[in-house]
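Please open the structure in your viewer and keep the selection tool at hand. The tour below goes from one selection to the next and says what is there at each stop.

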Amino acid sequence: MKNLLLISLLLFSATTIGACSENNDISFPDTEQPESSDLPSGNSKTLVAYFSATGTTQAIAERITELTGADIYRINAADPYATNPYDDTERIQNEAYNDLRPGVANLPDKEAIAQYDTIFVGSPCWWHQPAMVVCTFLENYNLGNKIIIPFFTYGATTYLNESMQKIYKVTPEAIHIPATLPEDLDPENIREPQNDDAGIDMPNGPDDVEAWLLRIKSNQ
């Protein structure tokens, strides 16, 4: 596991974080603005896989791809959600509270996902959990020894730990960054706030992605 984490750091060093100049400015590689794809291109060993309903998570996913040169893949629900997720509140709550697995319209084949060493996984927090369609995607593959780095967009100030714990639970054989999470104070309760999110680092919008990637690197 330690060797795989070192590989991850080398990946970040080679594709994300440029050399520091004498004035300590950070330089990033020049990359074209990415376009979200319904299927991964297979051009990189790193994938940004995300679900986005309103474009908020997509903006962060595209910024990660822009900075790292990773491939990008948008998870599309087989039964699309409403443009305004609040119009689908009953459906989303039912999926989250009953741990359902809605279908994915564009699942890549297993060989396509197998080629990636590192996968950033992005989702909104919906009813205190990831969008369940993200769990459908993750559980479709053998992700053992792959590096999984979740990122979430959310408006609430709680339930981030519950959402992170869910990603870790459905990818039990993966290597997770961060390696540990705060204790889940009540693992069976996703309906009431637990106030156990302290210490979980997320990018605060696209403009914070660069700093977030640097924080990930410095914490390894």
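Begin by selecting M132, V133, V134, C135, T136, F137 and L138, which are the buried residues of helix α5 in this predicted model. Helix α5 covers residues 132–139, and since seven of its eight residues are buried, it is largely enclosed by the rest of the structure.

Next, move to strand β1, residues 46–50, where five of the five residues are buried, so that this strand too is largely enclosed by the rest of the structure. If you colour its two sides separately, you will find T46, V48 and Y50 on one side and L47 and A49 on the other, all of them buried, so both faces of β1 are covered. This division fits a general pattern, for in a regular strand the side chains alternate between the two faces of the sheet.

Which strands pair with β1? Add strand β3, residues 118–126, which runs parallel to β1 and is joined to it by five bridges; to see one of the pairings, select V48 together with F120, its bridge partner in β3. Then add strand β2, residues 71–74, which pairs with β1 over four bridges, again in the parallel sense, and look for A49, which stands opposite Y73 of β2.

Now select two helices together, α2 (residues 56–68) and α7 (residues 209–219), which pack at an angle of about 65° with their axes 10 Å apart. Turn the view until you can follow how α2 passes α7, and you will see a right-handed crossing. To display the contact itself, show the side chains of I60, R63, I64, L67 and T68 on α2, and those of V209, E210, W212 and L213 on α7. By character, the residues of this contact divide into six nonpolar, one polar and two charged.

Stay with α7 and select V209, W212, L213 and I216, which are buried. Looking down the axis of α7, you will find that these buried residues fall within an arc of 100°, so they line one face of the helix.

For the last stop, go to helix α6, residues 160–170, and pick out N161. Is this residue buried or exposed? With a relative accessibility of 0%, N161 counts as buried, because the cut-off for a buried residue is under 20%. Finally, select I200 as well and draw a distance from C-alpha to C-alpha: N161 and I200 are 39 residues apart in sequence and 7.4 Å apart in space.

Methods: Residues numbered from 1 in each chain as written. Predicted model: local features only at pLDDT ≥ 70, side-chain atom pairs only at ≥ 80, totals over all residues. Heavy atoms only, no water. Axes fitted to C-alpha atoms, helices over the stretch in contact; angles between N-to-C directions. Left-handed = near helix turned anticlockwise from the far one by under 90°. Contact = heavy atoms within 4.5 Å. Nonpolar A, V, L, I, M, F, W, Y, C, P; charged D, E, K, R; others polar. Buried < 20%, exposed > 50% of the residue type's maximum accessible area, 1.4 Å probe, protein only. Arc of directions from axis to C-beta. Pairing = 2+ DSSP bridges.
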